[in-house]
Amino acid sequence: MNKINIVDGRIETTIFDNDIDCEFIPKNDKFLVDSLKIKIKQDTELELSIKNKKDSKIDIFVNVLEGVNLNVYEYINSSNIKIQYKYYLEKNSNVEIKKINNVNSIKEYDIVNLNGENSKFKRVLKTISNGLEKYDMLIYHNEKNSRSDMINHGVNILEGNLVFNVSTFVPKDVSGCYANQTNRIINLTDNKCQISPNMYIDCFDVVANHSAFIGAFSENELFYLQSRGIPYQEATKLLIKGFLTSELNEEQKRIYNKILNKYWR
């Protein structure tokens, strides 16, 4: 598997094969943000890890060539980070991202450009919010028969304030597209959280879905577990674990179990 490990604005570890071209541009006096440019040339997997103990900014550009399949496993561990992603997908390309965040504060901006016919993009985000976390996501279906699936799951705790703003665009005459947004926040505080699911669909021949939920776990779920002799706190932890680790691979589940144990012992 290809690997990129960025620590405090420096690439510490890279493992590449011929499937990927990668360029890291550190910030300077002209550009006050680190930049990572990635070109995916052949089917591959990529593990991306970003760890920062200080405030940081980074731009990541990902260009996926025609007919290429990319699986990304991403992990951000940071105190305070501003990060922007720009994805460019060519014809018949397919990107699937499984992403877990462990941050004190994050402002993330995602732009997905489905530039090729039959291009597909799926991203699964899992996060525990104990500070300000704001995610702005823009998905552009620029060609016919393109597909997007955005799954955003978060648990809000302590001083958390979690915001998902998701906007999908399908212009006129871009037919045969599929666009889905699934947004859910389990809010365990009295703090305000927000989901804004926006669909700008100008074509009739499109399947478009969105869902948005903010709230606690249902009383029926908790009652079922408690009726099996599981205490309330442990029942809550089990529900959180299931919610935040679904769709992750085994290594990501192992990482997230360690994070969960920091908050729910």
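Buried means under 20% relative accessible area, exposed means over 50%, and partly exposed lies in between (1.4 Å probe, protein chains only). Helices (H or I, at least four residues) and strands (E, at least two) are DSSP runs numbered from the N terminus.

This model is predicted: local features need pLDDT of at least 70, side-chain atom pairs count only at pLDDT 80 or more, and totals for chains, interfaces and linings use all residues. Residues are numbered from 1 along each chain as its sequence is written, and side-chain values use heavy atoms, with hydrogens and water left out.

**Exercise 1. Find the neighbours of strand β12.**

Work out how covered β12 is and which strands pair with it.

Solution.
- Step 1: β12 spans residues 161-170, and eight of its ten residues are buried.
- Step 2: Two strands pair if DSSP finds at least two bridges between them. Strand β10 (residues 132-141) runs parallel to β12, with nine bridges joining them. One contact to look up is K134, whose bridge partner in β12 is V163.
- Step 3: Strand β14 (residues 194-201) also pairs with β12 in the parallel sense, over eight bridges. Here T168 faces M199 of β14.

**Exercise 2. Do the same for strand β4.**

Describe the cover of β4 and the direction of its pairing with β3 and with β6.

Solution.
- Step 1: β4 covers residues 34-40 and is mostly covered, with five of its seven residues buried.
- Step 2: β3 (residues 20-25) is antiparallel to β4, and six bridges join the two. I20 stands opposite I40 in β4.
- Step 3: With β6 the pairing is parallel, over seven bridges. K37 has F61 in β6 as its bridge partner.

**Exercise 3. Explain the salt bridges in helix α3.**

Find two salt bridges in α3 and say how their partners are spaced.

Solution.
- Step 1: A salt bridge is a side-chain nitrogen of Lys or Arg within 4 Å of a carboxyl oxygen of Asp or Glu. By this rule there are eight salt bridges.
- Step 2: K253 and E250 meet in one of them, at 3.8 Å from N to O. They are three residues apart in helix α3 (residues 250-263), so about one helical turn separates them. E250 is exposed at 60% relative accessible area, while K253 is partly exposed at 27%.
- Step 3: E251 and R254 meet in another, at 2.5 Å from N to O. These two are also three residues apart in α3, so about one helical turn lies between them. Both are partly exposed: E251 has a relative accessible area of 39%, and R254 has 40%.

**Exercise 4. Follow a salt bridge between strands.**

Which residue forms a salt bridge with E74, and where do the two sit?

Solution.
- Step 1: The partner is K99, and the closest N and O atoms are 3.0 Å apart.
- Step 2: The pair links distant parts of the chain, with E74 in strand β7 (residues 69-89) and K99 in strand β8, 25 residues apart.
- Step 3: Both E74 and K99 are buried.
- Step 4: E74 and K99 belong to a network of salt bridges that also links E108, D110 and R123.

**Exercise 5. Check two phi angles.**

What sign does phi have at N118 and at D173?

Solution.
- Step 1: Most residues other than glycine have a negative phi.
- Step 2: N118 is not a glycine, yet its phi is positive, about 65°. N118 lies in the loop between β8 (94-114) and β9 (120-129), and is partly exposed at 31% relative accessibility.
- Step 3: D173, also not a glycine, has a positive phi of about 75°. D173 is in the loop between β12 and β13 (177-187), and is exposed at 57% relative accessibility.
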